[in-house]
Amino acid sequence: MHEKLQKGWPFFIISLFILSNIYAQQQHFKRGPHPDDLPSIADTLANTKIVWDTTERKISHDTYFAEYGRIKRLTADTLLLVYHFGSKGNEWDNIGIRQSNDNGKTWSAVRMVAADNQPKRYSGFSTPELLQLQNGWLMMAYTGRGIPDDSLHNDLQVRISKDRGRNWGAPVKVALGRSWEPGMVQLANGEIQLFFANELYNKNANDRPEQQVLLTRSNNNGQSWSKPELIAFTPKARDGMPVPLLLKDGKGLVVFMESVENRLSPELVWTSMKANWNYQNSNTVQNGRRWYTAVEPMWGGGPYAIQLPSGEVILAMQTEGGRKIERYKQWKKKTVTVMVGNSVAKNFGNLSWPYPNLPITEGRYFCSLFLKDAQTVVLVSTRNFPDGHSEIYWKEGRVVAAKP
C-alpha cells in the first residue's frame, strides 16, 4: 500500500499544480474590473540617441527567402536567432534557429523547428517569437497556416525547449483562426502573456479583413492557455503586429502595434501592473491608455521595442521615409527608422536612420531590436534585394548622449 501511494504521489502533485493554475486564471476575472488609472506623468524627454555603424553582416543561412529575425540571449556569449524562410513562391514556409557562441560573430548551421511537411494540413509556418522563461525553458510561438487558409484551419502554436533550444516539444495550439505575429512576456508572478493579431470577417475601406489584438495567458509555463481577451481594436482598420514590453520600476506594461488604416502608426496600449488589463472599458485615446508613439505625421509599421538599463525605450519601425513607394503594394521596399522615448514610452524623438542611402530597388522591413550590452543596440532587419529575395542582417548602433 505504501509503495502504491509513493507511485501515485507525483501524479497527484502535477494534477494539483495544473488545477491551481486554472483556478488562478479564473480568479483574475472574478475580482471585478480595476478602476481606471493612468501611467505616471511623463513630461521628460529622452536624452540619448543611436549612432549606427556603417557596416553590417548577414546572419540568415543561404536560402531564397529569410524574414522576421528575432534574437534572444541564453548566456553571456550564447545567442539564439529564430526566423522563417522558404523557397521562391513558398517564402513563409519553415521556421529555423541558429546559435551563436561568440556573441553574434558567427552562427551555427540552421536547425529546423517547424517544417512544412504536412501537405494535407498546413501550407507553412511563420512569424516566430522567442521567450526565455523564469525556469530556464525556452518558448517559441508562431503561426500555422492551415489548408484551406481560413479561420477554421489556421492556428497559433507554441513549443517548449527544456535544453536551451536543442530539442523542442510537440506543438500546443494556443488559438484557432487567422492569427499572426505573437509577442510574449512573463510577469514576476510567473504568468505568461501572449499577444497576437487576429483577423475578423468584417472588411475595411480597402476591402481587407479588419484585425484586432488579443491576449491569452498561461500560469503553468505554456501547458494550457486562457480564453483570448480583447486588447485593442480600431473599426475599419487592422491593429496588429503586437510587441509587449514590461516597463522597468513597475511603470506598467505596454504593447506596441501597427494600425494600418490609421493616419498615425504605430500606437500602443498600456495597463498598470495592478490592473493587468482588467478594466471595465477598452484602452482608448480618450481614456489615456492608448497613444501614438512616433513623430507626427510619420506612419510606421512592424514596430519593435526594447528598454535600455537607463529606462529609455528604443523603438524601431518600417516606414516610407520619404521614398516614393506604395504603402501596401511595395511594403518590402520600405526603410527603417529608430527613435528614443522616455521610461513610460512617451515623447519619442531623436530619430536615426540606419540605412540613409538605401537604393529604391531595395528595402528594409520586419525588423527587431536586441540589446547586446548597455551601450550597444543591434538592429535585426530583413533586407529585400532587387531580384525579390530577402535575407536577415545584423547592424550595431552605439547609445550616446544627445546634444541639448
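**A tour of the predicted chain**

Start with the whole chain selected: of its 404 residues, 56% count as buried. This is a predicted model, so colour by pLDDT before going further.

With that colouring on, the chain averages a pLDDT of 90, and 91% of the residues score at least 70. Now select residues 1-7. Here the pLDDT is below 50, and the stretch has 0 contacts in the model beyond near neighbours in sequence. Move on to residues 9-20, where the pLDDT is again below 50; this stretch makes 4 contacts beyond near neighbours in sequence. Where pLDDT is low, the predicted coordinates should not be read in detail.

Next, switch to a cartoon view. The secondary structure comes to 25 strands and 1 helix. The radius of gyration is 21 Å, close to the 22 Å given by the globule rule for 404 residues, so the chain is as compact as a globular protein of that length. Drawn along the principal axes, a box around the C-alpha atoms is roughly 75 × 50 × 45 Å.

Then turn on contacts. Among those in the chain with a separation of 6 or more, 55% are between residues 24 or more positions apart.

Show the surface after that. The chain exposes about 18100 Å², and carbon and sulfur atoms supply 55% of this area.

Last, select the charged side chains. There are 49 positive and 38 negative ones. How far apart do the centres of the two sets lie? The distance between them is 2 Å.

Definitions and conventions
Residues numbered from 1 in each chain as written. Predicted model: local features only at pLDDT ≥ 70, side-chain atom pairs only at ≥ 80, totals over all residues. Heavy atoms only, no water. pLDDT = per-residue confidence, 0-100. Contact = heavy atoms within 4.5 Å. Helix = DSSP H or I, 4+ residues; strand = E, 2+ residues; numbered from the N terminus. Rg over C-alpha atoms; globule rule 2.2 N^0.38 Å. Buried < 20%, exposed > 50% of the residue type's maximum accessible area, 1.4 Å probe, protein only. Areas by Shrake-Rupley, 256 points an atom, 1.4 Å probe, with all protein chains shown as cover. Lys, Arg positive; Asp, Glu negative; His and termini not counted. Charge placed at Lys NZ, Arg CZ, Asp CG, Glu CD.
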